[in-house]
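Subject: Structure for you to look at

Hello,

Here is the structure I said I would pass on. Please have it open while you read the notes that follow.

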Amino acid sequence: MAYTYNNFNVTFPSQYVAQVEIDRPKKLNAFFEQMWKDIAKIFRELSHDPEVRVVILTAAGDRAFTAGLDVQAASENGALAKTGPVLDGARKAVALRRHILEFQDDITEIEKCEKPVIAVLHGVSYGLAIDMTTCCDIRICSADTRFSVREVDIGLAADIGTLTRLPKANVPMSWVKEVALTARDFGAEEALRVGFVSAVYESKAAALGKALDMAKLLASKSPVAVQTTKQMLNYSRDHTVADGLAQIAVLNAAMLQTKDVEDAMLSGLKKRKATFAKL
């Protein structure tokens, strides 16, 4: 499967591991409209690619993971543009709602990816950086990372996912409200302390190296087990304990029939590495 996109590099640094790199470093990897559509397509394709079991999300350059929305591009030819026919309030609201929902769906494709996604943040990580990485399963960063829920400072409430997903990221609600309302920067150590990231590394290179080690480990495990586990954790986040127990019973009624269970058990007993079929 070919992954050729402007402003994104998709590479395969190890067997069953894909790396998606945002590539617009001269603009601090800020997003314009086509980039939203492209990242959605990339993650849809990776989700169904049998050669991929884990995805790493990173960004080019040393200065930024992403500065978020390219405000200039949006004001000239995007959601904030004032061109086109003059509409009454209701019609303008309908058009804006459709636009917002499309952008939400684009970023939600990261969360919907069947494979685990590891986010590696560095440098400036504002606005859309939070939207995207709250969709990821694991977040790590370099020590120089500067985060911000930036939208209040450009006159709007974040509408692509941060205000929905960050309160469910197992971080204190008082802290969520503070950073969302003030739009202040917070650093890597604070992100680690509150639990927004699971680890901080000295440099971007060190964080990427750790992410690749982690990805190799996940890729070595049963894809049936890993993908079902991801599916259930996301389901349980949004449902009651009783709902989750009922759901895993239904899922495992099918998934326990996999040969992967036998292979994994035998590998432990015979102290040999199991090899699992593609999914």
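**Aromatic rings**

The structure holds seven aromatic pairs. One of them joins Tyr 3 and Phe 12, with 5.8 Å from centre to centre and 55 degrees between the planes, which makes it a tilted pair. Please keep in mind throughout that this is a predicted model. The two partners differ in cover: Tyr 3 is buried, with a relative accessible area of 9%, whereas Phe 12 is partly exposed, at 41%.

Another pair is made by Trp 175 and Phe 186. The ring centres are 4.9 Å apart and the planes stand at 80 degrees, so this pair is edge-to-face. Trp 175 belongs to helix α6 (residues 173–182) and Phe 186 to strand β10 (residues 186–187), and the pair links these distant parts of the chain, 11 residues apart. Both Trp 175 and Phe 186 are buried.

There is also a cluster, in which ring pairs link Phe 8, Phe 31, Trp 36 and Phe 103.

Two arginines lie over ring faces. Arg 139 is placed over the face of Phe 196, at 4.5 Å from the ring centre. Arg 150 is placed over the face of Tyr 126, at 4.3 Å from the ring centre.

**Helix α3**

Which residues does Glu 109 touch, not counting those up to four places away in sequence? They are Ala 40, Phe 43 and Arg 44. Glu 109 is found in helix α3, which covers residues 89–112. Its relative accessibility is 12%, so Glu 109 counts as buried.

Ile 110 lies in helix α3 as well. At 0% relative accessibility, Ile 110 counts as buried. Neighbours within four places in sequence aside, Ile 110 is in contact with Ile 39, Phe 43, Val 117, Met 132, Cys 135, Cys 136 and Lys 230. Phe 43 is thus among the contacts of Ile 110 and is also touched by Glu 109. As for Leu 192, Ile 110 is 82 residues from it in sequence and 22 Å from it in space, C-alpha to C-alpha.

**Helices α8 and α9**

Ala 207 is placed in helix α8, which covers residues 204–219. Ala 207 counts as buried, because its relative accessibility is 0%. How far apart in space are the C-alpha atoms of Ala 207 and Ser 142, which are 65 residues apart along the chain? The separation is 5.9 Å. Ser 142 is also one of the residues that Ala 207 touches; the others are Val 120, Ile 140, Cys 141 and Tyr 201, again not counting residues up to four places away in sequence.

Thr 228 is found in helix α9, which covers residues 223–237. Its relative accessibility is 7%, so Thr 228 counts as buried. Leaving aside neighbours within four places in sequence, Thr 228 is in contact with Ile 248, Leu 251, Asn 252 and Met 255.

**Loops and surface**

Most residues other than glycine have a negative phi. Two residues here are worth a look with that in mind. Leu 28 is not a glycine, yet has a positive phi of about 55 degrees. Leu 28 lies in the loop between β3 (17–22) and α1 (33–48). With a relative accessible area of 22%, Leu 28 is partly exposed.

Asn 170 also has a positive phi, near 60 degrees, and is a residue other than glycine. Asn 170 is found in the loop between α5 and α6. Is Asn 170 buried or exposed? Asn 170 counts as exposed, because its relative accessibility is 74%.

The last item is a nonpolar patch on the surface. Leu 69, Val 71 and Ile 154 form the patch, and together they have about 210 Å² of accessible area. Ile 154 has its place in the loop between β9 (146–148) and α5 (162–165). With a relative accessible area of 43%, Ile 154 is partly exposed.

**Where to start**

If time is short, begin with the edge-to-face pair of Trp 175 and Phe 186, then turn to Ala 207 and its contact with Ser 142. After that, go to the positive phi of Leu 28 and that of Asn 170.

Regards

Methods:
Residues numbered from 1 in each chain as written. Predicted model: local features only at pLDDT ≥ 70, side-chain atom pairs only at ≥ 80, totals over all residues. Heavy atoms only, no water. Helix = DSSP H or I, 4+ residues; strand = E, 2+ residues; numbered from the N terminus. Buried < 20%, exposed > 50% of the residue type's maximum accessible area, 1.4 Å probe, protein only. Contact = heavy atoms within 4.5 Å. Phe/Tyr/Trp six-rings, centres within 6.5 Å; stacked < 30°, edge-to-face > 60°. Lys NZ or Arg CZ within 6 Å of the ring centre and 35° of its normal. Patch = residues over 30% accessible without salt bridge, like charges linked within 9 Å, V, L, I, M, F, W, Y side chains within 5 Å. Areas by Shrake-Rupley, 256 points an atom, 1.4 Å probe, with all protein chains shown as cover. Salt bridge = Lys/Arg side-chain N within 4 Å of Asp/Glu carboxyl O.
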